[in-house]
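Trainee: I am new to this structure. Could you take me through one part of it closely, and then show me what else is worth a look?

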Amino acid sequence: MPVSLTFDSYGSADNPAVVLIHPFPFRAEFWSAIAPEISEAGFFVIAPNLRGCATSPSDDAGPNMDLLAADVWQLLTEQGIEQATIVGVSLGGYVTLAMLRANPEAVAGIGLIDTKVTADSLAAMRNRERIASDIITAHISVADYAEQMLPTLLSAYTHENRPDVAQKVRGWISASNPATIAWLQKAMAGRPDSSGELAKFAGSTLLIRGADDVVSKPEDFQTMVELAQNPTFIELQNCGHLPPVEDPKASAQAIITWLTNS
């Protein structure tokens, strides 16, 4: 069963709804640098904390991407929102695609940032299972895991020129619950291929990639550009896997321009 998520919101509920879904293993605060700008452009922004993240509850349900999507749909129902544009980064992109699979008629548009539409390879699945096991058994601390993640999450430019961003990201990861990290890793490992859902979606699709991302590759985005019926592709320079915190100004501008022209 879905759980009731906590969330941050910006702007008037009378405006068109935009849902911003954070990456792994972060929280709604991930969007705090750009959500106000999006709301000021005439949108009602909701940024949920996915289950087990920040103050959102969790239960004994097994790891499942569709359950994460159901949580967000329940949140929107609780807020009286019947249709929304969904934007997600990495894990948030997987949740976005799962939401599209579950309720396509209620999706006005989708934004996929540094993510992919395909399922994990067997090697990637095994790596996620290994990380989940190491975290839950305390073989590795969350703080050490944060240090391992930082080189692949952020661009070299960010590490060299935006040390405050690296410090912020380190702190967010270090504050994560080990059980939540393990649960989310297993949910991502088990997610299905969503190529069919993207290919069937007739709405507008925004595709943003950090030019220096080593996680979501150019070929992943080429696949999505070819699948989407109405794609807009933007590559942000000097960004890695997390453009909304690495370059909030460029990320906000790209999202707002797409929203207002869709």
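Mentor: What follows starts with one serine and its surroundings, then moves to other parts. Keep in mind that this is a predicted model.

Start at Ser155. Find the loop between α5 (142–153) and α6 (156–161); Ser155 lies there. Is Ser155 buried or exposed? Its relative accessibility is 2%. The cut-off for buried is under 20%, so Ser155 counts as buried.

Now look at what surrounds Ser155. Leave out residues up to four places away in sequence. Ser155 then touches Arg162, Asp212, Asn238, Cys239, Gly240 and Glu246. One of these partners, Asn238, also takes part through its backbone: the side chain of Ser155 reaches the backbone oxygen of Asn238 at 3.0 Å.

Follow that contact to Asn238. This residue sits in the loop between β7 (231–236) and α11 (243–246). Its relative accessibility is 32%, so Asn238 counts as partly exposed. Ser155, by contrast, is buried. Check the backbone of Asn238 too. Its phi is near 60°, a positive value in a residue that is not glycine. Most residues other than glycine have a negative phi.

Asp114 has a positive phi as well, near 45°, and is likewise not a glycine. Look for Asp114 in the loop between β5 (107–113) and α4. Its relative accessible area is 0%, so Asp114 is buried.

Next, go to the loop between β2 and α1, where Pro25 is found. The peptide bond from Phe24 to Pro25 is cis, with omega near -5°. Most peptide bonds are trans.

Stay in that loop for the aromatic rings. The whole structure holds six aromatic pairs. Take the pair of Phe26 and Trp172. Their ring centres are 6.0 Å apart and their planes stand at 75°, so the pair is edge-to-face. Phe26 belongs to the loop between β2 (17–21) and α1 (35–40), while Trp172 belongs to helix α7 (residues 163–174). The two are 146 residues apart, so to speak of distant parts of the chain being linked is fair. Both Phe26 and Trp172 are buried. Ring pairs also bring in Phe30 and Trp31, giving a cluster of Phe26, Phe30, Trp31 and Trp172.

Another ring has a charge for company. The charged end of Arg191 sits over the ring of Tyr94, 3.8 Å from its centre. Tyr94 and Arg191 both line the largest cavity. Other residues of that lining include Met65, Leu97, Lys116 and Pro192. Helix α3 (residues 91–102) gives the largest share of the lining, three residues. The volume of this cavity is about 40 Å³. The count of cavities of 30 Å³ or more comes to one.

Finish with the largest pocket. It holds about 620 Å³ of space. Its lining is made up of 22 residues, and Asn127, Arg128, Ile131, Gln185 and Val215 lie nearest its centre. Which helices each supply at least two residues of this lining? They are α4 (122–136), α5 and α8 (178–189). Helix α5 leads back to the start: the loop that holds Ser155 runs between α5 and α6.

Notes
Residues are numbered from 1 along each chain as its sequence is written. This is a predicted model: local features need pLDDT of at least 70, side-chain atom pairs count only at pLDDT 80 or more; totals for chains, interfaces and linings use all residues. Side-chain values use heavy atoms; hydrogens and water are left out. Rings of Phe, Tyr and Trp (its six-membered ring) pair if their centres lie within 6.5 Å; planes under 30 degrees apart count as stacked, over 60 as edge-to-face and the rest as tilted. Helices (H or I, at least four residues) and strands (E, at least two) are DSSP runs, numbered from the N terminus. Buried means under 20% relative accessible area, exposed over 50%, partly exposed in between (1.4 Å probe, protein chains only). A charge sits over a ring if NZ of Lys or CZ of Arg is within 6 Å of the ring centre and within 35 degrees of the ring normal. A polar contact is a pair of N or O atoms within 3.5 Å; within protein, one must be able to donate a hydrogen and the other to accept it, and residues adjacent in sequence count only if both atoms are side-chain atoms. Contact means heavy atoms within 4.5 Å. On a 1 Å grid over the protein atoms alone, a cavity is a set of points where a 1.4 Å probe fits but cannot get out, and a pocket is an open set with protein on both sides within 12 Å along at least five of seven lines; lining residues have an atom within 4 Å of a point. Grid points are joined across faces, edges and corners, and a volume is the space filled by probe spheres set on the points.
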